[in-house]
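Have the model open in your viewer and your selection tool ready. We will go from stop to stop, with a note on what to select and what you will find there.

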Amino acid sequence: MKEILEAESKAILNIPVTDDYERAVALIVEQVHNRGGKLVTSGMGKCGQIADNIATTFSSTGTPAIFLHPSEAQHGDLGLLQPNDLMLLLSNSGRTSEIISMVELAHDLYPQLKFIVITGNKDSELAHQADICLWTGGAAEVCPLGLTPTTSTTMMTVMGDVLVVNTMIATGFSREQYALRHHGGYLGEKAKKK
């Protein structure tokens with residue numbers, strides 16, 4: 001257990017810190033908060049589950065966001081896109097065929113649409129097409145087969161948290177605003193207390 005914790009902790013600490021994070025936050029603020037768009041996250045498989053989590057965290061902290069399944073996008077769900085939206089795409093390989101197809105379809109619909117990608121492959125087709133590429137650093141998975149998304153999804157989760165927290169800071173998101181969006185449960189009660 002300690003070896004796995006150390007390997008994942010080391011991978012997180014070695015995520016490349018670049019100005020692209022500031023650029024990504026600025027783009028989220030511009031498209032969503034200034035232009036009235038929304039953040040549309042997407043990914044396949046485990047990356048899709050992380051992308052969905054990132055969307056819900058953004059939404060609860062004042063940045064409207066929704067998860068779009070890349071396969072469903074090809075069967076009509078792409079219609080949720082609007083001109084000022086911004087896409088945040090997760091693909092460890094940067095070669096996920098469903099994501100690449102969705103990008104092409106989205107650009108056919110709205111050529112000006114911008115997107116940010118989080119990937120473990122900064123030399124991939126998806127990374128090169130992105131307006132902003134956030135590279136995980138490409139650490140090996142802790143899975144003994146080297147196949148199951150483990151370390152990569154941990155890093156993507158953390159990178160999503162970095163974007164959320166910095167967007168909250170950039171927009172001045174307050175405890176009162178949080179309470180308006182989160183009424184139920186322990187967090188709802190905690191947010192209402194001063």
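Select Val40 and show its surroundings: leaving out residues up to four places away in sequence, Val40 touches Ile66, Leu68, Leu80, Leu81, Asp85, Leu86, Met87 and Leu88. This is a predicted model, so please read each stop as a description of a prediction. Val40 is found in strand β1, residues 39–43. Its relative accessible area is 0%, so Val40 is buried. For a long view, add Glu141: it is 101 residues from Val40 along the chain, and the two C-alpha atoms are separated by 27 Å.

Stay on the strand and move to Gly43, which also lies in β1. Is Gly43 buried or exposed? With 2% relative accessibility, Gly43 counts as buried. Display its contacts, again without residues up to four places away in sequence, and you should find Gly48, Ala51, Phe67, Pro70, Leu90 and Ile99. Now draw a C-alpha to C-alpha distance from Gly43 to Val117: 9.9 Å in space, for 74 residues in sequence.

Leu90, one of those contacts of Gly43, leads to the next stop. The largest nonpolar core has 29 residues, of which Leu90, Ile116, Leu134 and Leu163 touch the most other members. Colour α2 (20–34), α3, β3 (86–90), β4 (114–119), β5 (132–135) and α7, since each supplies at least two residues of this core. Which of them gives the most? That is α2, with seven residues. In soluble globular proteins, nonpolar side chains tend to be buried together.

Next, centre on Leu134. Not counting residues up to four places away in sequence, Leu134 touches Asp20, Tyr21, Ala24, Ile116, Val117, Ile118, Thr119, Met159 and Leu163. For a second, separate core, select Leu78, Met102, Ala106 and Leu113, which are among its 18 residues.

Now for the helices. Show α3 (residues 45–60) with α7 (residues 151–171): they pack at an angle of about 20 degrees, and their axes are 10 Å apart. The two helices are therefore roughly parallel to each other, and their crossing is right-handed. On the α3 side, pick out Lys46, Cys47, Ile50, Ile54, Thr57 and Phe58. On the α7 side, the contact is made by Thr153, Met156, Thr157, Gly160, Leu163, Val164 and Thr167. Sorted by class, this contact of α3 with α7 has seven nonpolar, five polar and one charged residues.

Keep α7 and swap in α1 (2–13). The axes of α1 and α7 come within 10 Å and cross at roughly 45 degrees, which makes α1 oblique to α7. This crossing is right-handed. Select Glu8, Ala11 and Ile12 of α1, together with Thr151, Thr154, Met155 and Val158 of α7, to see the contact. By class, the contact of α1 with α7 has four nonpolar, two polar and one charged residues.

Finally, follow the chain to the loop between α1 and α2, where Pro16 lies. How far apart are the C-alpha atoms of Pro16 and Trp135? They are separated by 6.8 Å, with the two positions 119 residues apart along the chain. Beyond its neighbours within four places in sequence, Pro16 is in contact with Tyr21, Trp135, Thr136 and Gly137. Switch on the surface here: Pro16 is partly exposed, with a relative accessible area of 23%.

How values were computed:
Residues are numbered from 1 along each chain as its sequence is written. This is a predicted model: local features need pLDDT of at least 70, side-chain atom pairs count only at pLDDT 80 or more; totals for chains, interfaces and linings use all residues. Side-chain values use heavy atoms; hydrogens and water are left out. Axes are lines fitted to C-alpha atoms, for helices over the stretch in contact, and angles run from 0 to 180 degrees between N-to-C directions. Helices (H or I, at least four residues) and strands (E, at least two) are DSSP runs, numbered from the N terminus. Angles under 35 degrees count as roughly parallel, over 145 as roughly antiparallel, 65 to 115 as roughly perpendicular and the rest as oblique. A crossing is left-handed if the near helix is turned anticlockwise from the far one by less than a right angle, and right-handed if clockwise. Contact means heavy atoms within 4.5 Å. Ala, Val, Leu, Ile, Met, Phe, Trp, Tyr, Cys and Pro count as nonpolar, Asp, Glu, Lys and Arg as charged, and the others, Gly among them, as polar. A nonpolar core is a set of buried Ala, Val, Leu, Ile, Met, Phe, Trp, Tyr and Cys residues joined through side-chain atoms within 4.5 Å. Buried means under 20% relative accessible area, exposed over 50%, partly exposed in between (1.4 Å probe, protein chains only).
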